[in-house]
Amino acid sequence: MLTLSQRLQSASNLLSSAYVDSYSDRMMVGRRAQLGESMVWRSTLSAEPDNGHLTYGEFDLAFFGALVDRALARPAGRREPETFVDVGSGCGRLVLAASCVWPELARAAGVETCADLHMMAVRAQARASLPRCDFVHGDALQAMREGGPLDDATVVFCYSSAWASEGGALTDFSELVGCCCLPGCRVVVTDKWLECDGSCGEFALLDEVEGPNRETGGSVGYIYEVVRSQRGG
């Protein structure tokens, strides 16, 4: 059985062949989405132009692997296949990596509001030819709420370092998790944490991990389990 490090190396090799655009090219697509005539806010709920959370970035692959691997290990003994969802999936890089690193997943999926980034993900998936990968273009709240195409998420990742927050607590994203995620779902966020005062739902912190991030100089990953949400608990 391959180690996590070996599987991540395989994923890195696959990503190198799946994307014809360079990192700089992908960043430029993200910047155009942010600064063009139609502003694309990374938040899914009630974004305001002055909150400073508009961003595009690409998360460190090895750190992503370490965080999601820990999330998948909780709770111990779980047997049902998991559904991984990347919220704000951009060009789809982490979704393809998840499908490669954890082939036991029922599926890996991403949701992205920017059409150009979404199409980049679709093209990369066609080159990679990975099974059980889905990309949704649209609003995460609509995609993940009950009856939406991604309402079966059991592990959710969000590169949330620049999402709207108050004092470090994620506001919009906490509301999304409280609205959309089933109890038992594990949620991984970065550098900011879920609002745990009960207003959006109840989320138990399982782990807190520091790791590399070339875009910020370093990040902290927070792994939660949804205890109570609008969908149960």
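How many of the 10 residues of strand β10 (residues 219-228) are buried? The answer comes with Figure 1, after two notes that apply to every view.

This is a predicted model, in which local features need pLDDT of at least 70, side-chain atom pairs count only at pLDDT 80 or more, and totals for chains, interfaces and linings use all residues. Residues are numbered from 1 along each chain as its sequence is written, and side-chain values use heavy atoms, with hydrogens and water left out.

**Figure 1. Strand β10 and its two antiparallel partners, β7 and β9.** Seven of the 10 residues of β10 are buried, so the strand is mostly covered. Here buried means under 20% relative accessible area, exposed means over 50%, and partly exposed lies in between (1.4 Å probe, protein chains only). Helices (H or I, at least four residues) and strands (E, at least two) are DSSP runs, numbered from the N terminus, and two strands pair if DSSP finds at least two bridges between them. Strand β7 (residues 186-190) is joined to β10 by five bridges, while β9 (residues 202-211) is joined to β10 by nine. Look for Ile-223 in β10: Val-188 stands opposite this residue, and Asp-207 stands opposite Ile-223 as well.

**Figure 2. An open sheet of three strands.** The order is β5-β6-β8, and the pairing is mixed. At the edges are β5 (165-166) and β8 (193-194), each of which pairs on one side only. Strand β6 (residues 169-170) runs parallel to β8, with two bridges between them. A handy place to start is Ala-169, whose bridge partner in β8 is Trp-193.

**Figure 3. Helix α3 and its N-terminal cap.** Helix α3 covers residues 61-72. The expected span of a helix is 1.5 Å times one less than its number of residues; for the 12 residues of α3 that gives 16 Å, and the end C-alpha atoms are indeed 16 Å apart. Asp-60 caps the N-terminal end, with a side-chain oxygen 3.2 Å from the backbone nitrogen of Ala-62. The cap is a matter of polar contact: a pair of N or O atoms within 3.5 Å, where within protein one must be able to donate a hydrogen and the other to accept it, and residues adjacent in sequence count only if both atoms are side-chain atoms. The buried residues of the helix are Leu-61, Phe-63, Phe-64, Gly-65, Leu-67, Val-68, Ala-71 and Leu-72.

**Figure 4. The salt bridge between Arg-26 and Glu-58.** Side chains of opposite charge can pair when their charged atoms come close. A salt bridge here is a side-chain nitrogen of Lys or Arg within 4 Å of a carboxyl oxygen of Asp or Glu, and the structure holds seven. In this one, the closest N and O atoms of Arg-26 and Glu-58 are 2.6 Å apart. Arg-26 lies in helix α2 (residues 23-35) and Glu-58 in the loop between α2 and α3, so the pair ties together parts that are 32 residues apart in sequence. Both partners are buried: Arg-26 has a relative accessible area of 10%, and Glu-58 has 7%. Keep Arg-93 in view too, since a network of salt bridges links Arg-26, Glu-58 and Arg-93.

**Figure 5. Arg-107 and its acidic partners, Asp-134 and Asp-152.** The closest N and O atoms of Arg-107 and Asp-134 are 2.9 Å apart in their salt bridge. That pair links distant parts of the chain, with Arg-107 in strand β2 (residues 107-112) and Asp-134 in strand β3 (residues 133-137), 27 residues apart. Arg-107 also forms a salt bridge with Asp-152, with the closest N and O atoms 2.7 Å apart. Asp-152 sits in the loop between α6 (140-144) and β4 (155-158), so its pairing with Arg-107 ties together parts that are 45 residues apart in sequence. Arg-107 is buried at 16% relative accessibility, whereas Asp-134 is partly exposed at 31% and Asp-152 is partly exposed at 31%.

**Figure 6. Cysteines without a disulfide.** A disulfide is counted when two cysteine sulfur atoms lie within 2.5 Å, and the structure holds zero. The sulfur of Cys-185 is 4.0 Å from the closest cysteine sulfur, in Cys-181, which is too far for a bond. Cys-185 is buried, with a relative accessible area of 2%. Cys-200 is in no disulfide either, as the nearest cysteine sulfur, in Cys-179, is 7.7 Å away.
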